[in-house]
Every structure is written in C-alpha cells, then in structure tokens.
Amino acid sequence: VQIQAVSQIQVLGFGFLSFYNYKGFGFRILNSRGLVGFGVEMGANMSAGESDTDPPLQPRLGDIPESCIASVLMYLDPPEICKLARLNRAFRGASEADFIWELKLPTNYRYIMEKVFDEETKLKLGKKDVYARLCRPISFDNGTKEIWLHKSTGGVCLAISSKALRITGIDDRRYWNRISTEESRFQRVAYLQQIWWLQVDGEFEFQFPPGTYSLFFRLQLGRSSKRLGRRFCNHEHVHGWDIKPVKFKLTTSDGQHAVSQCYLDNPGNWVQYHAGDFVVKSTNALVNIKFSLTQIDCTHTKGGLCVDSVFILPTSPNLILVKLTLNYEN
Amino acid sequence: MASSSTSVVVSNKEKENKNTKKVTLKSSDGESFEVDESVAMESQTIKHIIEDGCANNEIPLPNVTSGILSRVIEYCKKHKEAAGESEPSVTSYTSNSTTNPLTEWDTEFVKVDQNTLFDLILAANYLDIKGLLDLTCKTVADMMKGKTPQEIRETFHIKNDYTPEEEAEVRKENQWAFE
C-alpha cells in the first residue's frame, strides 16, 4: 500500500502539493533510512526489506514546497521569474506569490495606481498583475503623459507630451504648428518653422521612488513623413542650429539645479538630448520639477525642429545608452 | 563553574552561565545533538516549542536527518556568535556584504551538492530559520540565473507536469515580460 501511495504522488507531480501550505500539512514521512518524502504518513508498517528496493527519495528542486520556490524566485528579476513559471505547476503557483511582486513594484506603486487605474481594476488585480500592467505604457492626465515600469528593475519611466509643454509662440502659425505623426507615442509633435526666440518650458509634479533620474528632450531636426511605406525627411526649414547651442535647464522643488548646453544635430533622426539629472531621497515626497529648452540668441533665427516629448527615466548607464541609440521607432 | 557574584552587575561569568542552558535535538535517524538553548532558538519553530513548555527531554525533528541537522546547528552557532559580538542586524543575510563579516563563511557553507542544498532549504523552512532560508534560496537562485527552462529542468531534474493547453496558457500570461 505504501509503495502505491508513493507512486501516486510522483504521477500527480507537485501540482498536487502546491495546494497545501507545508506548515499545516507537515513533513511526516520517514522510511527506515530517515529520508524525507511527501504526503503520506508511513511508519511502522514500512519494512526494512521494502526500503532497500526503493529508489532513493532524495529531494530535488522539484520537491521543494511552493512557498520555498517563491523565496528562491524572489532573488531573480521579473523576466526571469516569468520564464521559470513555465517549468511546472509548482513554479507557476510560486511565481504568483504576492510577496515577491510587492518587492519588485516601485515603492510608490499605490500612488501610480491612483493615477492610472479605476476603482474596479485596483481591487481585482494581484500584485503580479499590477506589475505586468504597469510595464506597458499607460496614458494619464488626459493623454498628455505616459508612465511605465522598466521591466527588469521596476524603475519608473515617464513621458510628457509636447501638448503638456509651454511653448513660446505656439499659437502663431508663422512659427509653430502641431502636426500628426505616428513617430510620436502621443501621435502629435510641435513643429517649428522659424523663430528668433525658442523657448520650451515644462513642469511636472510627481511622487518618485527614491533614486536618480535623468531628463531628456526628444527632438528631431527635419520633418518626417511616410509615403508608400518609406520614410522621408523634409529638411527645408532646418537652419541655425550650428550657430549657437541650445540650453537645457532643470530645477527641482528641493533646490536641485542642472544646466547644460548642446548643439542640436543628426538631422532626420529622433534624438533624446540629456538635459540633466535629479535625485530623489525620500519616499512619498512630492517632487516638483521644472525644465526648459531655450535658444534665445536673437542674432539668428532657427527652424525645422520637431519637439516630441520629454522623458524622465531612472538613471543607469545601460538605460542611457539604449535610449540614445533609439530612432523614431520608440 | 558557579558564579560567585550576587551583585547587580552582570559579570561575564554570569552571562556565560545564563547561556549554558542546553536543549537536545533529535534527528529523524535517531541521533541526538546537545546545543545551547540560545543557539537552538535561532529556529523560530524550536523557539516556540521551548516557549510553549513542550520541550521536556529532547525535541524530536522527524523531518531533519542527522547530516543536515549538524550543518544547521553549525550555521546557527556561527551566526549566534557573530550576533553576540556586534549588532543583531549583522546576522541578516540581506545586509550589505561589505558590512557583513559572515559573507565569506556563508559562501563556503553553501558550497555543497545539490541534494544537500535542497535538504537545507527544507530544513530551514521547517525550522523557520530566516537567515539560512534566505542564504540557501539565494544560492539556488544564482544557480538558475541565465539558464533556459530546459536547462533548469535538466540541471535540477524538474518534471514538466503541464498539459499542452496549460503550457500555452502560461506562456500567454507571462508574455508581457518578453515584449
């Protein structure tokens, strides 16, 4: 009878065991060699003879209870955890453990959920689902902003549309026009034909998880369009950018300040120009950041510039490299 | 040796006497281990047994063999010693390795074969020893990093118990992580 019970467990696999919390269930199996097995209480009935013919019941990774598998998975990054969910049922169950994802989510995830999810959604999502949802860009503030998490690290990433920026002269069609394009995640960019005074300001208040963040302006010299499946770039208005650099400025409500200068270049391609970094030290503090792009030297005009958006990304050497090499497809 | 001090000041000798209360742990294969009570109490499970007054002569641990139990005791002794010498936070495995003097010792401790490692996880889980569970789980996680599911199945002898439908379902629900 005992031998039958053992083979039953093996056939069912550990999906069977995953329904039991090991603590309530108890490990109570011994054979005469004192090796650990699962599920059925054996004991006095087990004869010495039988145990000699058993294959050794040495625990393998597949024998570990789900709660322990979850403790192992906790040390891996989210893509790895999701990859391992495919191993077997116990791993799948373990990969759903709320405590794992509570640690992977950014510290301000409740604040983010307030902004982007409705009541119903908030209630029914487990922590892993929250993480999964937040990894895809979600639009908020009337479609003028997007937020998403960096998959491996849970780092908070933001994009602010040109629609949310204050552009001097935006209402004057001699200078600026808003044009539709599929090359922007917001479907619209601000296009500068020609101007003396270039000034683009933005302001954003948010509760950031502690860390260092980099701010970028996504810009392109030249106006691109698609015809017959091919991408064309119109450079007719592009001028003045090689005369003087543009200036980037970034300040925070807690007194941080960054200023930099840069010549705009690389016509026909979207470039993310690094405007500056800021540091967030405390959890749950609202930080107000102000940022600007200016070129107000009125001895020369400039034009042919597309302003798409501003990105705020967690600072990391890898991230910056990846982001700067992206072209219009992102 | 009996302490001769009856004053309020606690001498080192008195401290020693306090700590020499012993308990006996019995492994599944019948071997007995006598350890300091304070060391045994690194295990929350044992701590509760003692505190509930259920530890009479010895505490039986039917889920832990002598081989594993002796290693577990070694771990608890080492970590209890370290805690005694400095702040309690030192014994937390998750603390920064540059401030944790036990990192090297811990690394050597888990250089064991797969089966022993899993036995240690099971024991740490059953005995509720957080530091040991963290250490062993992290070690297994490190062994799994960068491997494909198939490689992990082979390395760790894991059986795939999915039906094809379930497998497709799992792939789909985790697709977001690979986009």
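Is A:Cys135 buried or exposed? That was my opening lookup, and A:Cys135 turns out to be buried, with a relative accessible area of 9%. A reminder to myself before going on: this is a predicted model.

**Entry 1: cysteines**

I searched the whole structure for disulfides and found zero over all chains. A disulfide is a covalent bond between the sulfur atoms of two cysteines. Why does A:Cys135 have no bond to A:Cys82? I checked the distance: the closest cysteine sulfur to that of A:Cys135 is in A:Cys82, and it lies 8.6 Å away, which is too far for a bond. The cut-off I worked with is 2.5 Å between the two sulfur atoms.

Next I went over to chain B and picked B:Cys76. B:Cys76 is in no disulfide either, and the nearest cysteine sulfur, in B:Cys137, is 15 Å away. I also looked up the cover on B:Cys76, and this residue is buried, at 5% relative accessible area.

**Entry 2: chain B as a whole**

While I was there, I took stock of chain B. I count nine helices and three strands. Reading from the N terminus, I noted the order of elements as α-β-β-α-α-β-α-α-α-α-α-α. Chain B has 179 residues, and 39% of them count as buried.

I then asked how contacts are spread along the chain. Among chain B contacts with a separation of 6 or more, 56% are between residues 24 or more positions apart. For the surface, I wrote down about 10000 Å² of accessible area for chain B, with 50% of that belonging to carbon and sulfur atoms.

**Entry 3: a serine in chain A**

Back in chain A, I looked for A:Ser214. I found A:Ser214 in strand E8, which covers residues 211–221. What does the side chain of A:Ser214 touch through a polar contact? Its partner is the side chain of A:Asp277, at 2.7 Å. A:Ser214 is buried, with just 1% relative accessible area.

**Entry 4: a nonpolar patch**

Last, I turned to the surface of chain A. Which residues form a nonpolar patch there? My list reads A:Trp196, A:Trp197 and A:Ile296, and together they have about 310 Å² of accessible area.

I followed up on one of them, A:Trp197. A:Trp197 sits in the loop between strand E6 (188–192) and strand E7 (198–207) of chain A. I get 38% relative accessibility for A:Trp197, so I put this residue down as partly exposed. That class runs from 20% to 50%, and being over 30% is also what a patch residue needs.

Note on methods: Residues are numbered from 1 along each chain as its sequence is written. Chains are lettered from A and ligands numbered from 1 in the order in which they are written. This is a predicted model: local features need pLDDT of at least 70, side-chain atom pairs count only at pLDDT 80 or more; totals for chains, interfaces and linings use all residues. Side-chain values use heavy atoms; hydrogens and water are left out. Patches are made of residues with over 30% relative accessible area and no salt bridge: like charges are joined within 9 Å, nonpolar side chains (Val, Leu, Ile, Met, Phe, Trp, Tyr) within 5 Å. Accessible areas come from the Shrake-Rupley method with a 1.4 Å probe; for residues, only the protein chains shown count as cover. A salt bridge is a side-chain nitrogen of Lys or Arg within 4 Å of a carboxyl oxygen of Asp or Glu. Helices (H or I, at least four residues) and strands (E, at least two) are DSSP runs, numbered from the N terminus. Buried means under 20% relative accessible area, exposed over 50%, partly exposed in between (1.4 Å probe, protein chains only). Contact means heavy atoms within 4.5 Å. A polar contact is a pair of N or O atoms within 3.5 Å; within protein, one must be able to donate a hydrogen and the other to accept it, and residues adjacent in sequence count only if both atoms are side-chain atoms.
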